[in-house]
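Welcome! Open the structure below and work through the exercises at your own pace, trying each task before you read its solution.

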Amino acid sequence: MDSDLEQLCTYINEKIGNIKHTLSLRNCGHKPALKTVLNKIGDDIIVVNDILNKLELEIEYQEQTNNSLKELCESLEEDSKDVQHLKENIPAHLPQVAAPKSCEKGSDLNPKESVKDVEPAPVSKPPRGQRNIKEISFITSDEFNGIPAYMKSRLTYCQINDVIKEINKAVASKYQIVHQPKKSMNSATRNLYHRFMEEETKDTKGHYFIVEADIKEFTALKVDKRFHVMMNILRHCKRLSEVRGGRLTRYVIT
C-alpha cells in the first residue's frame, strides 16, 4: 500500500509540475521581450521544417541513384566477363597490327616533332629471285555469318580459317617449286614440277591454283566430303573458283 501511495503522489506531483510549466510559458507570451524571442523561434522552426523537407527529397534521390549504380555495376560485371571470355578465345586468324614506332618502349621519337619529320620505313621487298606467292585471305566474321546454314552445317569460323591456312601452305609449297631453278631440283622435286606443268591449262595461265593431289602432298588435310564442303564455302565467299578438265578440278585462287 505504501508503495502505491508513493507512486500516486509522484504521478500527481509530475502533473502539477507540468501545469506550472505550462502556466509559466503562457505568461511568457504576454511579455514583450520574450514574445520577440518566441516569434524568432517560430520562424526558425519553419526554416528547419523546410530544410527537413528538402533533406527528405535528397535522401529519396540518393536512394534512387544508389539503385541505379547497383544496376550499372551488375551490368559492368557482365560486360567484364564477356570481355574476358573474348580475350581468352581470340581466333588465331585475326591479322596482327604492328605497334607504331612512337609507341614502342624506349623510343627516341620526340612527341613534339611533326609526323612529317619522321621518314617512313622502306617497304620490305622479297629477296632477289624470290616471288610473292598469292594467298587466300581469311574470311571475316561477317562473311561467316552470311554463309547459309545448310552450307556450313556445324563448321565453325576457326575450322574454315584453319583450312585456308593449310591451302595457303600447299600453294606456297607448290609455287616455290615452280619458281625454283631447274638445275637445283632433285628427282622427286622435278617429278612434281612436271606434274604441275601438265596440269596447267589456258584458263589457269597466270593464276595460282592447286589440285587435290597438292593438298595430299603438302598438307595433313583429308580430301573427303568435309573437305569438299569447305571448298564450296570458299567458292561461295569468292576465295576460290573452279576450273575443270582432264578429270581434274583445279581450285584457282581469286
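**Exercise 1. Two residues in loops**

Task: Find Lys238 and say which loop holds this residue. Then decide whether Lys238 is buried or exposed.

Solution: Start with the place. Lys238 sits in the loop that links α8 to β2. Keep in mind that this model is predicted. Next, look at the backbone: the phi of Lys238 is near 60°, a positive value in a residue that is not glycine. As background, most residues other than glycine have a negative phi. Last, check the surface. Exposed means over 50% relative accessible area, and Lys238 reaches 66%, so this residue counts as exposed.

Now repeat the steps for Arg247. This residue belongs to the loop between β2 and β3. Phi of Arg247 is also positive, near 60°, and Arg247 is not a glycine. With a relative accessible area of 89%, Arg247 is exposed.

**Exercise 2. A residue at the other end of the scale**

Task: Locate Ile253 and name its strand. Is Ile253 buried or exposed?

Solution: Ile253 is part of strand β3. Buried means under 20% relative accessible area; Ile253 has 4%, so it is buried. To see what surrounds it, set aside the neighbours within four places in sequence: Ile253 then contacts Lys134, Glu135, Ile136, Val171, Tyr208, Arg239 and Leu240. You can also link this residue to the first exercise: 15 residues separate Ile253 and Lys238 along the chain, and their C-alpha atoms are 8.9 Å apart.

**Exercise 3. The order of the elements**

Task: Walk along the chain from the N terminus and write down the order of helices and strands. How many of each are there?

Solution: The walk gives α-α-α-α-α-α-β-α-α-β-β. That comes to eight helices and three strands. For a view of the whole chain, note that 20% of the 254 residues are buried. Also, among contacts with a separation of 6 or more, 60% join residues 24 or more positions apart.

**Exercise 4. Building the sheet**

Task: Work out in which order the strands lie in the sheet. Which strands are at the edges?

Solution: The three strands make an open, antiparallel sheet in the order β1-β3-β2. β1 and β2 each pair on one side only, and they are the edge strands. Now take the pairs in turn. Two bridges hold β1 and β3 in antiparallel pairing, and Phe209 stands opposite Val252 in β3. α8 packs on this sheet, where it touches β2 and β3, and its direction makes about 120° with that of β2.

For the other pair, β2 and β3 run antiparallel and are joined by six bridges. One place to look is Glu242, whose bridge partner in β3 is Tyr251. β2 and β3 form a hairpin with two residues between them, and Gly246 in the turn has a positive phi of about 60°.

**Exercise 5. Helices that cross**

Task: Compare the directions of α5 and α8: at roughly what angle do their axes cross? Which residues make the contact?

Solution: The axes of α5 and α8 cross at roughly 90° and come within 11 Å. Angles of 65 to 115 degrees count as roughly perpendicular, and α5 and α8 are therefore roughly perpendicular to each other. From α5, the contact uses Gln159, Ile160, Val163, Ile164 and Ile167; from α8, it uses Arg226, Met230, Met231, Ile233 and Leu234. Sorted by class, that is eight nonpolar, one polar and one charged residues.

Try α5 (residues 157-178) with α6 (residues 187-199) as well: their axes come within 9 Å and cross at roughly 100°. That makes α5 roughly perpendicular to α6. Here Lys174, Ile177 and Val178 of α5 meet Thr189, Leu192, Tyr193, Phe196 and Met197 of α6.

**Exercise 6. The nonpolar core**

Task: Which residues touch the most other members of the largest nonpolar core?

Solution: This core holds 36 residues, and Ile139, Ile147, Ile160, Ile167 and Met231 touch the most other members. Elements that give two or more residues to it include α5, α8 and β3. The largest share, nine residues, comes from α5. To finish, zoom in on Ile160: apart from neighbours within four places in sequence, Ile160 contacts Ile139, Phe144, Ile147, Leu155, Met230, Ile233 and Leu234. In soluble globular proteins, nonpolar side chains tend to be buried together.

How values were computed: Residues are numbered from 1 along each chain as its sequence is written. This is a predicted model: local features need pLDDT of at least 70, side-chain atom pairs count only at pLDDT 80 or more; totals for chains, interfaces and linings use all residues. Side-chain values use heavy atoms; hydrogens and water are left out. Axes are lines fitted to C-alpha atoms, for helices over the stretch in contact, and angles run from 0 to 180 degrees between N-to-C directions. Helices (H or I, at least four residues) and strands (E, at least two) are DSSP runs, numbered from the N terminus. Angles under 35 degrees count as roughly parallel, over 145 as roughly antiparallel, 65 to 115 as roughly perpendicular and the rest as oblique. Contact means heavy atoms within 4.5 Å. A nonpolar core is a set of buried Ala, Val, Leu, Ile, Met, Phe, Trp, Tyr and Cys residues joined through side-chain atoms within 4.5 Å. Buried means under 20% relative accessible area, exposed over 50%, partly exposed in between (1.4 Å probe, protein chains only). Two strands pair if DSSP finds at least two bridges between them. Ala, Val, Leu, Ile, Met, Phe, Trp, Tyr, Cys and Pro count as nonpolar, Asp, Glu, Lys and Arg as charged, and the others, Gly among them, as polar.
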